[in-house]
Amino acid sequence: MSENTTVLLDESGIKRALTRISHEILERNKGVRDVVLIGIRSGGAYLAEEIGRCMEIIEGERVPVGAVDITLYRDDIRSHAPHLPVGKTDIAFSLEEKQVVLVDDVLFTGRTIRAAMDALMDHGRPSSIQLAVLIDRGHRELPIRADFVGRNVPTSLKENVAVLFDERHIPIEVVLEK
Amino acid sequence: MAEFKHKDIIALRDLTREEIELLLTTAENMREINSRAIKKVPTLRGKTIINLFYEASTRTRTSFEIAAKRLSADTVNISTSTSSSTKGETLADTALNLLAMKPDIIVMRHAVSGSHYFLSRKIPCSIINAGDGAHEHPSQGLLDMLTMKDRFGRLDGLKVAIVGDITHSRVARSNIQGLTKMGSRVYLAGPPTMMPPAVERLGSVTVCNGMKEAIQDADVVMMLRIQQERQGKTLMPNAREYSRYFGLNPENLKLAKPDAMVMHPGPINRGVEMSSYVVDGDQSHILKQVENGVAVRMSMLYHVCGGELE
C-alpha cells in the first residue's frame with residue numbers, strides 16, 4: 001500500500017458499522033415489514049446484500065434485496081465519450097407502498113443518489129425512500145442527506161475514498177487516497 | 001472493459017468482437033426497461049432522431065422509433081412516399097436539408113448498398129444503417145445474435161445454418177460478419193442462382209450443396225425471405241419448387257439438433273421458405289427476435305450518442 005493511502009476501516013470495522021446500520025434500519029422501521037433494500041451498482045449492491053444478511057441474523061427474516069444501475073439516469077452522461085457501460089437493474093419485486101432503503105458505499109456530491117431515486121420512481125411509488133451509506137465524505141452538491149451512516153469522514157476534494165471488495169464481493173477495507 | 005467510439009453504425013464488418021459484445025451486453029441490461037410499467041429512461045433527453053426510410057418497413061422503423069422514445073429522444077419519421085425524393089431531390093440534398101434542422105442521429109434505410117458511407121462523409125451527425133440494398137442490416141444481425149445468446153448463453157462454437165437467397169440478403173451479410181467474429185460456425189445454403197460468388201470472402205463460412213447439409217446438427221436454422229422485389233424473374237422457376245428444395249418444414253427440421261432454434265428476419269412468406277407448422281412451432285424464436293430488436297436498437301442509439309466524430 002502506498003504512503004498516500006490511509007485505511008479508514010478494516011474488515012471488522014466495516015462489519016460493525018453494517019451491523020449497527022442494520023439495527024438502526026430495523027429500529028426506524030419497527031422490524032422488516034414492507035422493508036426492501038436496493039443497492040446502487042456496484043459497491044452499494046454488494047453492501048445491500050451484506051446488510052440483508054445482517055438483518056436476517058438479527059430478525060430471522062429475509063428482506064427482498066435488489067440492485068439499481070444508475071448509468072442511464074446520470075446528469076453527466078453527455079460528458080462521457082464514449083458512453084459508460086450500462087449495468088443491470090435487478091428489482092424482482094414491486095416497490096409500491098414499500099419502505100425502500102437505498103444503499104451506497106460512499107456518499108459524496110449526492111448526484112448518484114438523485115439519479116437512483118429517479119430510477120426507483122420509474123419502478124413504482126414507494127411509501128418512503130431512506131438512505132444508508134457506509135461512508136459520508138461530505139461535499140454535497142444537492143440537498144440530500146443520509147439516514148444511516150457507517151462513518152462520517154471529512155475529506156478534501158482532492159482526496160478519494162474507496163470501498164474495496166474481495167472476489168466474493170465481501171467488503172474488506174475502506175481507504176482514503178490522497 | 002471495451003469502449004464504443006464510433007459515431008456511426010453502418011456495418012458489423014466495421015466493428016470488433018469486443019464492440020459487438022458491448023452492444024449486446026448493453027442491450028441485455030436495457031431489456032429490463034421494456035418490461036416496466038414506466039417504459040422510459042431519461043438518457044437521450046433532448047436528442048433528435050430522424051428515421052429516414054427510402055424502402056418499405058414496418059418492423060424495423062417501428063422498432064427504432066420505440067427504442068428512441070424509450071430513451072426519451074424525439075423522433076421524426078420520413079418515408080419515401082411523403083419525402084421530396086419523389087420530387088427529384090438527391091440523397092445528399094435531402095440529408096443536408098435535414099441536417100439544417102440539427103438532428104443528432106439519422107437512422108436510414110436505402111435501396112443502394114453503401115449509401116450510408118456516402119452520407120457519413122457528407123454530414124457530421126451520427127448515422128445508423130437500418131438496411132442498405134444487399135449490403136448490411138446491422139441491427140438485425142445484432143438482434144439475431146442476442147436471441148441466440150439468450151438461448152444458448154454463448155455464440156462461440158454454435159452451428160448456424162443460413163438458408164435462402166444469400167445474394168440479395170443484407171440480413172445474411174450482417175449475420176455472417178457478426179457471427180464469424182463471435183466464433184460461430186456459419187453454413188450457407190440456397191439455390192446456386194442465389195449464392196453470391198466468392199461468398200467465403202465475407203468470413204469463414206461453409207457453402208453447402210443443398211439444404212440438408214447445412215441444417216444437419218445445426219443449433220440455429222435461420223431462414224431468409226425470398227425477396228421477390230429485388231429479384232429478377234429468372235432466379236427460380238416458381239415458389240413451389242423453391243419450397244420443395246429450400247423450404248423449412250417439420251420433416252427436414254428434424255435433421256437439426258433436437259433443441260435447435262428456428263429464426264426468420266420477417267416478413268415471412270408462409271408456405272414458401274417456411275411452413276406454417278414451423279413458423280408457429282415450439283422451436284420458433286421469431287417473435288423473440290422482434291422483442292430483442294427494441295433493446296438492441298436502444299443499445300445502438302445509446303452508444304453512437306457517446307461516439308466521437310470520426
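This report covers two sheets, some backbone features, salt bridges and the interface between chain A and chain B.

The model is predicted.

**The sheet in chain A**

Chain A holds an open sheet of three strands. Their order is S1-S8-S7, and the pairing is antiparallel. Strand S1 (5-9) and strand S7 (160-165) of chain A stand at the edges. Each has a single partner strand, so one side of each lacks a neighbour in the sheet. Neighbouring strands are turned by 30° against each other on average, direction ignored.

S8(A) pairs with both edge strands, as the order S1-S8-S7 shows. Four bridges join S1(A) to strand S8 (residues 171-177) of chain A. Along this pairing, Leu9(A) stands opposite Val174(A) in S8(A). Helix H1 (residues 11-28) of chain A packs on the sheet. This helix touches S1 and S8 of chain A, and its direction makes about 105° with that of S8(A).

On the other side, six bridges join S7(A) to S8(A), again running antiparallel. Here Asn160(A) stands opposite Glu177(A) in S8(A). S7(A) and S8(A) form a hairpin, with five residues between them. His169(A) lies in the turn and has a positive phi of about 70°.

**Backbone features in chain A**

Several loops of chain A carry backbone angles worth a look. The table lists two cis peptide bonds.

| Cis peptide bond | Omega |
|---|---|
| Arg41(A) to Ser42(A) | about 0° |
| Ala81(A) to Pro82(A) | near -5° |

Where do the second residues of these bonds lie? Ser42(A) is in the loop between strand S2 (35-40) and H2 of chain A. Pro82(A) is in the loop between S3 and strand S4 (99-107) of chain A.

A further loop holds His139(A). Its phi is near 65°, a positive value in a residue other than glycine. His139(A) sits in the loop between strand S5 (128-136) and strand S6 (148-152) of chain A.

**Salt bridges**

The count comes to 28 salt bridges over all chains. One of them joins the side chains of Arg62(A) and Glu49(A), at 3.7 Å from N to O. This pair links distant parts of the chain, 13 residues apart. Glu49(A) belongs to helix H2 (43-59) of chain A. Arg62(A) lies in the loop between that helix and strand S3 (65-68) of chain A.

**The sheet in chain B**

Chain B holds an open sheet of four strands, in the order S2-S1-S3-S4. The pairing is parallel. The edge strands are strand S2 (74-79) and strand S4 (126-132) of chain B. Each of these pairs on one side only. Neighbouring strands are turned by 15° against each other on average, direction ignored.

Inside the order, S1 and S3 of chain B are neighbours. Strand S1 covers residues 48-53 and strand S3 covers residues 105-110. Five bridges join these two parallel strands of chain B. Among the bridge partners, Phe53(B) is matched with Arg109(B) in S3(B).

**Where chain B meets chain A**

The interface brings 23 residues of chain B into contact with 18 residues of chain A. The size of an interface is often given as the accessible area lost when the parts come together. Chain B and chain A bury about 1700 Å² between them. Carbon and sulfur atoms account for 57% of that area.

Which polar links cross the interface? Eight residue pairs of chain B and chain A are in polar contact, both residues at pLDDT 80 or more. The rule finds zero salt bridges across the interface.

Helix H1 (17-30) and helix H11 (286-305) of chain B each supply at least two residues of the side of chain B that touches chain A. H1(B) gives the largest share, four residues. By type, the residues on this side of chain B divide into 10 nonpolar, five polar and eight charged. Charged residues are thus listed on the chain B side, yet zero salt bridges are found between chain B and chain A.

Key
Residues numbered from 1 in each chain as written. Chains lettered and ligands numbered in written order. Heavy atoms only, no water. Pairing = 2+ DSSP bridges. Axes fitted to C-alpha atoms, helices over the stretch in contact; angles between N-to-C directions. Contact = heavy atoms within 4.5 Å. Buried area = accessible area lost by both parts, 1.4 Å probe. Salt bridge = Lys/Arg side-chain N within 4 Å of Asp/Glu carboxyl O. Polar contact = N/O pair within 3.5 Å; in protein donor to acceptor, adjacent residues only side chain to side chain. Nonpolar A, V, L, I, M, F, W, Y, C, P; charged D, E, K, R; others polar.
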